[in-house]
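Hi,

Here is the model I promised to pass along. Have a look at it first, and my notes on what turned up follow right after.

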2 protein chains.
Amino acid sequence: MEHLVRYKELVTFTHRVFLGMGCSEQDAALASEVLISADLRGIDSHGVARLSGYLRLWEAGRINPTPQVKIVHESPSTAVVDGDSGLGLVVAPKAMQIAIEKARQAGTGWVSVKNSNHFGIAGYHAMMALAHDMIGMSMTNASPLVAPTFATERMLGTNPIAVAIPAGQQPPYVADFATTTAANGKLEILQRKGTDAPIGWIQDKTGNDTVNPHELKNGGALLPLGSDREHGSHKGYCLGSVVDIFSAVLSGANYGPWVPPFVSFLPLPADPVGQGIGHFFGAMRIDAFRSAEEFKQHMDNWIGRFRSAKAVEGKSVLIPGDPEREMQAGRIHNGIPLLTPVLEDLKAVGAKLNVQFPEHVEIS
Amino acid sequence: MEHLVRYKELVTFTHRVFLGMGCSEQDAALASEVLISADLRGIDSHGVARLSGYLRLWEAGRINPTPQVKIVHESPSTAVVDGDSGLGLVVAPKAMQIAIEKARQAGTGWVSVKNSNHFGIAGYHAMMALAHDMIGMSMTNASPLVAPTFATERMLGTNPIAVAIPAGQQPPYVADFATTTAANGKLEILQRKGTDAPIGWIQDKTGNDTVNPHELKNGGALLPLGSDREHGSHKGYCLGSVVDIFSAVLSGANYGPWVPPFVSFLPLPADPVGQGIGHFFGAMRIDAFRSAEEFKQHMDNWIGRFRSAKAVEGKSVLIPGDPEREMQAGRIHNGIPLLTPVLEDLKAVGAKLNVQFPEHVEIS
């Protein structure tokens with residue numbers, strides 16, 4: 001069953017929950033905006049459905065509600081930021097802001113972050129650059145759930161990459177994707193529904209194809225983008241590992257199988273190689289390359305030409321960011337749908353911290 | 001049939017061919033080293049087999065043998081370089097050198113290039129950063145052969161990405177891959193052999209699956225990494241389009257379907273939107289993030305852990321760059337194998353420019 005909650009009321013609820021964990025007014029506002037941006041954009045797996053996960057991390061003492069996010073190393077165009085075990089939802093936008101400030105001075109800014117936690121959707125942080133006529137980039141490592149090509153062991157996270165590029169008359173280009181064939185959120189949906197997964201999304205613990213979405217909890221693994229060697233899974237493995245190295249080996253966070261898992265069914269590694277999880281952010285000032293006006297005219301031309309490309313019957317070519325933008329326009333107006341288990345979970349979170357869950361209506 | 005030619009003699013032959021086109025001694029030496037690095041690393045489709053293609057471009061007046069490669073716009077960490085219609089094999093390493101010099105001063109360097117041509121393998125340029133304790137990145141747009149998700153039109157090139165990351169005791173990490181399920185070179189091999197392609201590599205002109213590798217020349221298209229929507233082809237489309245935008249919209253080169261094709265079966269677009277094809281290079285100084293020594297120790301640990309990950313029976317987990325490094329070690333010693341049609345093609349190139357093809361032995 002699904003229930004509809006108003007966007008603003010969901011933000012307010014989430015804000016109060018973060019206040020209840022001891023976050024400052026400002027940090028709680030930022031964290032709730034970042035978290036609910038996932039629900040707005042239709043990436044339900046990364047939004048308010050994770051609030052109870054953050055609460056569990058906080059209860060386990062793995063989140064510092066009052067972090068001192070600071071630069072520990074820098075050059076004119078780079079910085080390493082220590083997130084002080086803060087919510088990734090707070091650490092990430094602060095680090096992206098540093099990348100933007102570096103880019104203002106040096107043309108580009110690149111920030112690698114250690115000692116952080118799950119940062120919500122990568123796209124939010126990358127899109128922060130758009131208002132400054134900059135290209136934004138954002139990536140993070142994550143709980144080890146992915147087997148590299150030929151491996152039977154879970155070594156990498158779904159390690160997403162987001163790139164946001166400003167345009168002129170057209171809406172911006174916003175790519176935001178896991179470097180696996182299917183994001184973990186999509187698998188969770190199948191697990192809840194009890195439906196089979198397509199071949200190529202997961203393998204079982206011996207490395208064989210499986211369609212059973214529950215095999216992931218039984219020693220199986222998600223597959224890198226490409227699914228198998230013949231279809232380029234070694235390229236997805238390259239992408240996931242570059243994200244891991246930029247986010248964590250550059251910063252001093254945990255990498256590969258040492259990443260402290262967000263999900264509750266995996267234990268914490270006993271022998272950390274760094275601090276927390278890692279992120280990587282980039283900002284490139286357009287006019288450090290060419291006039292922003294010229295660039296945007298050509299982006300409009302690029303977007304227009306791709307959108308009008310000949311397409312298979314009944315389909316059209318989308319520009320990255322189109323589906324999420326349409327989803328956001330609808331949900332900001334109509335409200336955000338929550339499944340019953342998510343709703344119940346959120347009510348339990350609210351009850352723990354004395355926060356009333358907002359009004360909602362059953363829609364199906 | 002295959003024939004074996006000594007590495008150094010193949011470089012000398014290629015060097016003389018470029019001299020014959022009117023390149024300077026220095027440029028001809030650089031271009032031949034870059035081109036044959038592909039054969040050394042086992043990426044035969046991008047090596048000496050393309051020499052006749054460069055000759056055809058030169059004959060068509062599309063290559064300037066004496067380019068003035070210059071910076072036309074810059075900031076502390078960025079530059080746009082005009083390749084002056086030079087060989088990409090010359091323009092690209094010069095632009096990467098500029099990225100490295102920027103990184104020395106500003107921590108990172110990012111160079112977008114217009115007015116260039118095919119640059120050989122992306123990995124060569126990215127690897128230039130390694131000797132400077134920097135991470136190197138390299139990408140390029142290319143002849144439109146790829147259909148975005150749902151399209152029946154060829155809008156993008158195979159747009160490769162290379163990332164080279166230094167390690168300590170371990171050899172460096174070097175990822176170098178097309179953002180399509182299969183590189184065009186792999187399809188060319190199937191076309192020559194008359195063998196079927198796996199489902200997921202190409203579509204026919206109506207957007208349906210096909211295993212016939214010749215469909216590419218019949219209005220069909222290569223598919224983005226992921227192959228179809230269910231397996232994440234929209235992510236491969238994102239990757240290919242980001243490469244296109246960074247390489248060409250940032251620099252002022254041609255993008256998307258306007259990229260002037262290298263292959264002879266496609267006509268030149270009548271309405272260019274920029275100059276030549278575009279590349280994008282990056283260099284990040286490791287010690288702009290943390291001590292290079294510390295970083296390399298952790299990279300050694302990363303590489304060691306991934307290499308020893310549990311694997312499926314009879315396989316092992318590879319580190320990006322492993323197969324190419326092993327190939328290079330063998331070929332530098334044993335020589336470079338050339339198929340009979342490639343050999344004949346090269347002899348014809350030599351005959352045109354009065355350059356004797358070196359000794360070679362038949363091996364199969």
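Let me start with the sheet in chain A of this predicted model. It is an open one of seven strands with mixed pairing, running in the order β2-β3-β4-β11-β5-β6-β7. At the edges you'll find β2 (70-75) and β7 (173-177) of chain A, each with a single partner strand, so one side of each has no neighbour in the sheet. On average, neighbouring strands are turned by 10° against each other, ignoring direction.

For a closer look at one pair, try β5 (residues 134-140) and β11 (residues 277-285) of chain A: they run antiparallel and are joined by seven bridges. There, A:I135 sits opposite A:M284 of β11(A). The other chain gets involved with the sheet too: α7(B) packs on it, touching β6 (161-165) and β7 of chain A, and its direction makes about 135° with that of β7(A).

Now the contact between the chains. On chain B, 62 residues are in contact with 62 residues of chain A. Among the elements giving two or more residues to that side of chain B are β2 (70-75), α7 (233-249) and α8 (292-307) of chain B. The most comes from α8(B), with seven residues. By type, the side of chain B that touches chain A splits into 34 nonpolar, 21 polar and seven charged residues.

Finally, symmetry. Chain B superposes on chain A by a rotation of 180° with 0.0 Å of shift along the axis (RMSD 0.0 Å). The two copies are therefore related as by a two-fold rotation axis. In chain B, B:G226 has the C-alpha nearest that axis, 2.4 Å from it. Both copies use the same surface, as 100% of the contact residues of chain B recur in chain A.

Cheers

Methods
Residues numbered from 1 in each chain as written. Chains lettered and ligands numbered in written order. Predicted model: local features only at pLDDT ≥ 70, side-chain atom pairs only at ≥ 80, totals over all residues. Contact = placed C-beta atoms within 7 Å. Helix = DSSP H or I, 4+ residues; strand = E, 2+ residues; numbered from the N terminus. Nonpolar A, V, L, I, M, F, W, Y, C, P; charged D, E, K, R; others polar. Least-squares fit on C-alpha atoms with pLDDT ≥ 70 in both. Pairing = 2+ DSSP bridges. Axes fitted to C-alpha atoms, helices over the stretch in contact; angles between N-to-C directions.
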